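Reader: I am in my first year and would like a close look at one part of this model, with the terms explained as they come up. Please start from a single side chain and work outwards from there.

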Amino acid sequence: MALAATFLGGAKSRLLPASIPFRYFAAAALFHILAWLHFVLAGSEAAAFTGGPGIMLAAIHLLTLGVFVMTAMGAAFQLLPVATQRPLARIWPARACFWLLVPGTLVLVHGMETASTPLMHGGAVLVTASLLLFAMVIGFNLRIKNAMAVVAAHGWGALASLLVFVVLALALIADFDSGFLADHSATALAHMVLAAFGFMGMLAFGFSHVLIPMFALSRTFPPNIAWAQFWLASTAVVLGGYGAIGGNSTLLVLSVCFALAATTAYLWLMYRALSSGMRKRLGLSFVMIKASWAMLVICLLLGLALTFGFAVPNGSVLFGFLLIAGWLLTFLTGVLQRILPFLASMHATGKGGKPAMLSELTANLPLKIHAVCHCGAVLVCSAGIIAGSSNLIRGGATLGTAGALAFAIFVFLIVAKLRKPAI
């Protein structure tokens with residue numbers, strides 16, 4: 001309970017205007033739909049994808065930039081000031097990051113679709129400007145010592161990974177023209193490790209230290225286990241980055257082993273939070289969150305098998321799909337089901353000017369449709385990748401699109417209620 005109390009104490013005084021975080025979440029909901037639609041179009045090339053411009057690369061970045069980074073920015077701008085008990089010094093950078101990231105992502109993705117390096121360069125400049133501004137704002141907030149040091153440490157780890165994966169991304173785009181990289185595929189793998197595990201993974205683990213106990217109304221985590229999890233995860237990212245870019249299979253094996261150890265510690269902490277929490281009925285959102293944890297373990301076990309040389313049909317594509325759609329997308333949509341009504345309730349008012357109830361802000365039917373469609377999409381697409389079946393992949397991606405539409409309805413119903421004046 002102490003951690004939740006620390007997080008919520010005076011939280012309302014550190015809230016941003018509702019329009020700032022919710023513009024990120026609304027944009028992420030739209031990019032979510034576009035990403036699955038692109039997976040439908042990329043069905044014929046998805047199973048054999050080895051990199052390079054095209055619909056598949058565009059689909060991946062619609063998810064990673066349009067959904068993951070967009071959600072991470074919206075959440076970090078709002079939740080980190082609450083967690084660190086220090087409000088943002090200025091609000092305009094949070095708005096500027098959005099107006100750089102949205103057009104930058106659209107231009108970059110269009111450049112990937114059409115194999116236009118000028119468009120990719122132009123989009124990359126805007127996206128990079130957004131990411132660097134984000135890093136500066138969050139870094140300034142994290143530099144102040146606070147009661148949630150382990151959360152701040154995850155934030156610093158995520159920002160360090162961000163700086164490296166941005167440099168690698170710019171190098172990869174430049175390499176399409178000049179071909180100066182010794183091994184484009186190895187650099188792309190390092191970019192993925194730093195972006196997915198280093199940046200998004202660290203943020204997912206770090207925010208979990210706050211959000212899961214808060215939602216479950218549980219006690220503070222044991223600090224020794226929490227710090228062990230952080231250092232294990234950090235070591236995994238560093239080893240994975242070096243191993244990928246250097247083509248060193250030994251380092252890659254060690255990286256996956258450290259990642260499995262970090263995940264074990266993380267899941268033990270999450271189990272402890274859920275088992276000791278006062279709130280036992282956590283609803284559909286935690287079904288999604290628990291499913292994402294299972295996908296993370298499966299993804300890492302698959303990665304370990306691949307690094308040991310086991311033959312898995314289209315194994316590298318399956319690994320990437322389970323990483324971004326299985327773990328990260330499932331986790332983010334599960335957490336957003338809780339965060340959005342929670343944040344909205346702190347801004348909105350109901351009848352008579354009283355605070356709005358969470359039940360008034362949550363549309364359950366769209367979330368049920370999304371859960372069924374999303375889980376079905378992950379299973380069917382995975383089967384399609386293993387079988388090399390474009391029809392299965394298209395069918396799964398169509399399910400994913402339907403789920404994304406349902407999730408967007410959930411998001412925009414909350415936004416509509418926020419804009420509705422109090423009665």
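Author: Phe-197 counts as buried because its relative accessibility is 16%, where buried means under 20% relative accessible area, exposed means over 50% and partly exposed lies in between, with a 1.4 Å probe and protein chains only. Before going further, note that this is a predicted model, in which local features need pLDDT of at least 70 and side-chain atom pairs count only at pLDDT 80 or more, whereas totals for chains, interfaces and linings use all residues. Residues are numbered from 1 along each chain as its sequence is written, and side-chain values use heavy atoms, with hydrogens and water left out.

Phe-197 is one of the helix 8 residues that meet helix 9; helices here are DSSP runs of H or I with at least four residues, strands are runs of E with at least two, and both are numbered from the N terminus. Two packed helices are described by the angle between their axes and the distance between the axes. Helix 8, residues 184–216, packs against helix 9, residues 223–246, at an angle of about 170°, and their axes are 8 Å apart. That angle is why helix 8 is roughly antiparallel to helix 9. The axes are lines fitted to C-alpha atoms, for helices over the stretch in contact, and the angles run from 0 to 180 degrees between N-to-C directions; under 35 degrees counts as roughly parallel, over 145 as roughly antiparallel, 65 to 115 as roughly perpendicular and the rest as oblique.

The helix 8 side of this contact includes Ala-186, Leu-189, Val-193, Phe-197, Gly-198, Met-202 and His-209, and these belong to a set that meets helix 9 residues, among them Phe-230, Ser-234, Val-237, Gly-240 and Ile-245, with contact meaning heavy atoms within 4.5 Å. The residues of this contact between helix 8 and helix 9 divide into 14 nonpolar, seven polar and no charged, where Ala, Val, Leu, Ile, Met, Phe, Trp, Tyr, Cys and Pro count as nonpolar, Asp, Glu, Lys and Arg as charged, and the others, Gly among them, as polar.

Now turn to the aromatic rings. A pair of aromatic rings is described by the distance of the centres and the angle of the planes. Rings of Phe, Tyr and Trp (its six-membered ring) pair if their centres lie within 6.5 Å, and planes under 30 degrees apart count as stacked, over 60 as edge-to-face and the rest as tilted. By this rule the count comes to 18 aromatic pairs. In one of them, Phe-98 and Trp-99 have ring centres 4.9 Å apart and planes at 85°, so this pair is edge-to-face. Phe-197 takes part in another pair with Phe-319, where the centres are 6.4 Å apart and the planes stand at 35°, so the pair is tilted. This second pair links distant parts of the chain, since Phe-197 is in helix 8 whereas Phe-319 is in helix 12 (residues 315–347), 122 residues apart. Phe-319 is also buried, with a relative accessible area of 14%.

Returning to the edge-to-face pair, Phe-98 counts as buried at 8% relative accessibility, while Trp-99 counts as exposed at 56%. Phe-98 and Trp-99 also belong to one aromatic cluster, together with Tyr-24, Phe-77, Phe-134, Phe-165 and Phe-199.

Helix 12, which holds Phe-319, is preceded by a loop from helix 11 (283–307), and Asn-314 is found in that loop. Asn-314 has a positive phi of about 50° although it is not a glycine, and at 28% relative accessibility it counts as partly exposed.

To set this part in its surroundings, the chain has 15 helices and zero strands, and of its 423 residues 58% count as buried. Among contacts in the chain with a separation of 6 or more, residues 24 or more positions apart account for 80%. The chain exposes about 16800 Å², of which carbon and sulfur atoms supply 71%; accessible areas come from the Shrake-Rupley method with a 1.4 Å probe, and for residues only the protein chains shown count as cover.
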